[in-house]
Amino acid sequence: PWSPPVLYALSMGYAARVIGFFAIVVTALAVTTAEEERPPATELASAINGKLNGAPCNNLELLGTSKLPAHSCREIAKWRSDVANDIYYIKSVVTGDSFPVYCDMAHGGYTMVYKAVSGVEADVYEVWKNNGVANEEELQALNTNNVFKSHYKNRLVNEWREYRPKEVVVVLYKGGIEVLRLVFDGHLSNNLDWFSKERLAFSPYTDLKTSSTNYFSIAGHQGRHFFINRNYAGCPNDFGWLIFYTPGIVCSWELTTDYKIKYSKSFEAQNWKTGNVGEADVLAVFVD
């Protein structure tokens, strides 16, 4: 015969198995009930899509307008099928206020935060780094041409850490046509250190990542901003890839009366005086 302790242990083991069995049954019933109460997948997807930012299902076409500002151009591109490169409305990540921006929808929804225009007598670095905005509400500035003769900057430059861009893109335009694109990793960056060789993710230049550089920064050197330069070797032998310069600083190749954007039109650094160097109308910065 089994001793009392053994019988007790056996009875407790049996009770545990019974309790476990009923627990499984109850869980299964609960899951079945939940499945019966859950709307069909198509209805659920419609509800999720339609409730984005509190918008009713039939009003997603308003996303990105002043009535329903989005969080970013990327969000507009994701939820709307009728988008094109144009002006849309997004909201500040700090205050929640809405403001207009230019969205590059052709590349998936990049938000223009800054545009420096060739020929404008204003220091592009000072505009970038100060705590204010420049022509943020001026709709004529929200494009990729230089018809509006002033620089542009919106609040996202100063809200950089709160916005937390994943990518930052510098694009040069000539006559509204893109002539150069540089892509940078924006993760954990601030509004100055993203522009660096270490963060460069894409460029058309085959030598830029491996060549030495004496300047690669927005601040640059002696009035040369957004400056990516390989070397100084006396003005006739200076080589680089990108520059937005103040006229008449030092060298003959910059002795003009205009503030100009120059860039290498080749796949490698060029001599600023004699090389294959092009001029652009606009330098724009986009974030994603």
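Is Cys251 buried or exposed? At 2% relative accessibility, Cys251 counts as buried. Keep that residue in mind as you go through these close-ups of a predicted model.

**View 1. Cys235 and Cys251 are joined by a disulfide.** The two sulfur atoms sit 1.9 Å apart. This pair links distant parts of the chain, 16 residues apart. Look for Cys235 in the loop between strand 9 (224–231) and strand 10 (239–245), and for Cys251 in the loop between strand 10 and strand 11 (260–264). The link is left-handed, with -70 degrees about the S-S bond. While Cys251 is buried, Cys235 is partly exposed, its relative accessible area being 22%.

**View 2. Cys73 and Cys103 form a disulfide too.** Here the sulfur atoms are 1.9 Å apart. The torsion about this S-S bond is about -70 degrees, so the disulfide is left-handed. Again distant parts of the chain are linked: Cys73 belongs to helix 3 (residues 73–79) and Cys103 to strand 2 (residues 98–104), with their positions 30 residues apart in the sequence count. Cys73 is at 0% relative accessibility, so it counts as buried. Cys103 is also at 0%, and it counts as buried as well. The count of disulfides comes to two. If you number the bonded cysteines in sequence order, the pairing reads 1-2, 3-4.

**View 3. Here is the largest nonpolar core, made of 63 residues.** In soluble globular proteins, nonpolar side chains tend to be buried together. To find your way around this core, start from the residues with the most contacts inside it: Tyr114, Trp194, Phe195, Leu283 and Val285. A second, separate core has six residues, among them Phe227, Ile243, Tyr245 and Trp253.

**View 4. Now zoom in on Phe195 and the residues it touches.** Leaving out residues up to four places away in sequence, Phe195 touches several phenylalanines: Phe184, Phe216, Phe226 and Phe227. It also touches Val170, Ser217, Ile218, Ile228 and Leu242. Phe227 is worth a second look, since you can spot it in the separate core of six residues too.

**View 5. Asn131 sits in a loop.** That loop runs between helix 4 (124–129) and strand 4 (152–153). With a relative accessibility of 74%, Asn131 counts as exposed. For a landmark, try Val157, which is 26 residues apart from Asn131 along the chain. The C-alpha atoms of Asn131 and Val157 are separated by 8.8 Å.

Terms used
Residues numbered from 1 in each chain as written. Predicted model: local features only at pLDDT ≥ 70, side-chain atom pairs only at ≥ 80, totals over all residues. Heavy atoms only, no water. Helix = DSSP H or I, 4+ residues; strand = E, 2+ residues; numbered from the N terminus. Buried < 20%, exposed > 50% of the residue type's maximum accessible area, 1.4 Å probe, protein only. Disulfide = S-S within 2.5 Å. Core = buried A, V, L, I, M, F, W, Y, C linked by side-chain atoms within 4.5 Å. Contact = heavy atoms within 4.5 Å.
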